[in-house]
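Good morning, and thank you for the time on today's agenda. I would ask you to bring the structure up on your screens before I begin.

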Amino acid sequence: MSVSAYILIQASVGTAVDVANATADLDEIVSAEVAMGPYDVIARAEATSMEDLGQIVVHAVQGIAGVERTLLCPIVRI
């Protein structure tokens, strides 16, 4: 079973495109788009567990140059 989540990313001024491209290059990321609003990049990730999703954010996404803050939003299917 896999779990999915949106990762909302705030990036440093002028780095949104680079952050989106670097995020999209990660294996677990399905898509990453530059957005307007309080978050600069919105990515969708898939992993085998919630723990793995957390690890993606903490060890991969937050390590990208320009990433200032992230918010993990797990997708709930009813």
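I shall go from the overall fold to the sheet, then to the helices, and finally to the interior.

Please keep in mind throughout that this is a predicted model. The protein contains two helices and four strands, and read from the N terminus these elements follow the order β-α-β-β-α-β. The radius of gyration is 12 Å, close to the 12 Å that the globule rule gives for 78 residues, so the protein is as compact as a globular protein of that length. Along the principal axes, the C-alpha trace spans about 35 × 25 × 15 Å. The accessible surface amounts to about 4800 Å², and carbon and sulfur atoms hold 54% of it. Of the 78 residues, 33% count as buried. As for contacts with a separation of 6 or more, 64% of them are between residues 24 or more positions apart.

Let me turn to the sheet. In which order do the four strands stand in the open sheet? The order is β2-β3-β1-β4, with antiparallel pairing. The edges are taken by β2, residues 29-34, and β4, residues 67-74; each has a single partner strand, so one side of each is left without a neighbour in the sheet. On average, and ignoring direction, neighbouring strands here are turned by 20° against each other. In general, strands of a sheet pair through backbone hydrogen bonds.

The pairing of β2 with β3, residues 41-47, deserves a closer look. These two strands are joined in the antiparallel sense over five bridges. Val-34 has Val-41 in β3 as its bridge partner, and Ala-32 stands opposite Ala-43, also in β3. The two strands form a hairpin with six residues between them, and in the turn Gly-37 has a positive phi of about 130°.

Now to the helices. Helix α1, residues 16-24, lies across β1 (3-11), β2, β3 and β4, and runs at about 175° to β2. Helix α2, residues 50-60, also packs on the sheet and touches β1, β2, β3 and β4; the angle between its direction and that of β3 is about 140°.

That brings me to the interior. Nonpolar side chains tend to be buried together in soluble globular proteins. Here the largest nonpolar core has 20 residues, and those that touch the most other members are Ile-7, Ile-9, Val-19, Ile-29, Val-41, Leu-53 and Ile-56. At least two residues of this core come from each of β1, α1, β2, β3 and α2. Which element gives the largest share of the core? That is β1, with five residues.

Two residues serve as illustrations. Leaving aside neighbours within four places in sequence, Ile-7 is in contact with a list of residues including Ile-29, Val-41, Val-57 and Leu-71. My second case is Thr-23, in helix α1. Is Thr-23 buried or exposed? Its relative accessibility is 0%, so Thr-23 counts as buried. Not counting residues up to four places away in sequence, Thr-23 touches Ile-9, Ile-29, Ala-32, Ala-43 and Ile-64. Among these are the two alanines that stand opposite each other, Ala-32 and Ala-43.

Thank you; I am glad to take questions.

Terms used. Residues numbered from 1 in each chain as written. Predicted model: local features only at pLDDT ≥ 70, side-chain atom pairs only at ≥ 80, totals over all residues. Heavy atoms only, no water. Rg over C-alpha atoms; globule rule 2.2 N^0.38 Å. Buried < 20%, exposed > 50% of the residue type's maximum accessible area, 1.4 Å probe, protein only. Contact = heavy atoms within 4.5 Å. Areas by Shrake-Rupley, 256 points an atom, 1.4 Å probe, with all protein chains shown as cover. Pairing = 2+ DSSP bridges. Axes fitted to C-alpha atoms, helices over the stretch in contact; angles between N-to-C directions. Core = buried A, V, L, I, M, F, W, Y, C linked by side-chain atoms within 4.5 Å.
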